[in-house]
Amino acid sequence: MHRSLLHVLAFTLASCDAGPDVDSEAPPADVSQARPEGVEAISLLGEELRAPDLPADVESRYEENLAAARRAWQATPENADSIIWLGRRTAYLGRYREAIRIYSEGIEEHPEDARLYRHRGHRYITVREFDRAIADLNRAARLVDGTEDQVEPDGLPNARGVPTSTLHFNIWYHLGLAYYLAGDLESALTAWQACMGVSRHVDSRVATAYWLNNTMRRLGMNDRADELLTWVDEDLDVIESTAYLDVLLLHKGERTPQDLLGPSGQEATLESTTAGYGVAVWHRVNGRADEAVALMERVLTNRDQWAAFGYIASEADLARGDL
């Protein structure tokens, strides 16, 4: 096992073993863990994680959006949409625990609204409480079973202002991610396959294919992963999923690691974090564990990216030490 990182492994596994029954009808209550003031989460490697720093102009805009969401909620405090947007705008500022509390209060008012479980499940992933995320997202999946899908409005619109995801997609996407991060690859595979079935937009399909490819290859299902990628082409008109697409093209032999690795450290971006983890998995499934570990450690050099899925996945893989 790599270096001394695994001194926290026993803690991580104990936390998972103590988690809720994910097949239970009722998601677990939001039970806050003891943390120092201002700490949003404890990383899987035992480090304190605080709200990421935002550029001043971005923070100002997010605060304005939150103030507007709070006014809307104050006008209609029992309206589920108002609760959801208050939670989303709060989370965009890195106040993830507060967002979880908002969603939990909303669930008390609207226990059958799948959207609240979907959003709370996402933020449980952010704060590294995967069992709670799995419970919430399974609950959401049951609630939407047999219902018509709906486009989910973007809180942070992309460059074209085109929403690329739906409620059903986001439930299955985050459920697959929660299982993947928890190390349950078989359950992740099932969730990603369901997600592909509700991935309408090309960006959604590429994002799902990225995680499904990672999962299949880690399970030794290389032939199926190759088949999955037959439709992947560099000319796909993606808006948000460029890093995911580039990693898929790497697996097809149409990109090199040098093409993908962007800035690290304090210069790292969401895209370079995503690509960095993707290249690490590519090394891993091709038998280059040392290179995989080095890239995952590189991903972790910018703490401000700690809410990114590639960052969390790097943490999870290093903490398990099964590289």
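**Charges and rings across a helical chain**

Let's start with a charge on a ring: Arg288 sits over the face of Trp282, 4.6 Å from the ring centre. Keep in mind as you look around that this is a predicted model. You can find the arrangement again at Trp85, where Arg88 lies over the ring face at 4.4 Å from the centre.

While you're at Arg288, have a look at helix H14, which covers residues 289-299 and holds Glu291. Is Glu291 buried or partly exposed? Its relative accessibility is 37%, so Glu291 counts as partly exposed; the cut-offs here are under 20% for buried and over 50% for exposed. Glu291 and Val279 are 12 residues apart along the chain, and 9.3 Å separates their C-alpha atoms.

Now for charges that meet other charges. The model has 21 salt bridges in total. One of them joins the side chains of Asp81 and Arg115, with N and O 2.5 Å apart. That contact links distant parts of the chain, since Asp81 belongs to helix H3 (residues 80-92) and Arg115 to helix H5 (residues 114-126), 34 residues apart. Asp81 comes out as partly exposed because its relative accessible area is 38%.

Stay on helix H5 and you'll run into another bridge. Arg120 pairs with Asp136, and their closest N and O atoms are 2.6 Å apart. Arg120 is in helix H5 while Asp136 is in helix H6 (residues 130-144), so this bridge ties together parts 16 residues apart in sequence. Are these two partners buried or exposed? Both Arg120 and Asp136 are buried.

Further along, Asp246 and Arg255 make a salt bridge of 3.4 Å from N to O. Arg255 has 22% relative accessibility, so Arg255 counts as partly exposed; the buried class ends at 20%. Salt bridges can also join up into something bigger than a pair: Arg218, Arg284, Asp317, Arg320 and Asp322 are linked in a network.

That brings us to the rings. A pair of aromatic rings is described by how far apart the centres are and by the angle of the planes. How many aromatic pairs does the model have? The count is 11. One of these is Tyr173 with Trp192, an edge-to-face pair with centres 5.4 Å apart and 75 degrees between the planes. Tyr173 is in helix H7 (residues 167-182) and Trp192 in helix H8 (residues 185-197), so the rings tie together parts that lie 19 residues apart in sequence. Tyr173 is buried because its relative accessibility is 6%, and Trp192 is buried with a relative accessible area of 0%.

Next comes Tyr210 with Tyr244, a tilted pair at 4.3 Å centre to centre with 40 degrees between the planes. What do these rings tie together? Tyr210 lies in helix H9 (residues 202-218) and Tyr244 in helix H11 (residues 242-251), so the pair connects parts 34 residues apart in sequence. Tyr210 counts as buried because its relative accessibility is 1%, and Tyr244 counts as buried at 12%.

Finally, put those pairs back into their wider setting. Ring pairs link Phe169, Tyr173, Tyr180, Trp192, Tyr210, Trp211, Tyr244, Tyr277 and Phe309 into a cluster. Tyr173, Trp192, Tyr210 and Tyr244 from the two pairs above are among its members.

Terms used
Residues numbered from 1 in each chain as written. Predicted model: local features only at pLDDT ≥ 70, side-chain atom pairs only at ≥ 80, totals over all residues. Heavy atoms only, no water. Salt bridge = Lys/Arg side-chain N within 4 Å of Asp/Glu carboxyl O. Helix = DSSP H or I, 4+ residues; strand = E, 2+ residues; numbered from the N terminus. Buried < 20%, exposed > 50% of the residue type's maximum accessible area, 1.4 Å probe, protein only. Phe/Tyr/Trp six-rings, centres within 6.5 Å; stacked < 30°, edge-to-face > 60°. Lys NZ or Arg CZ within 6 Å of the ring centre and 35° of its normal.
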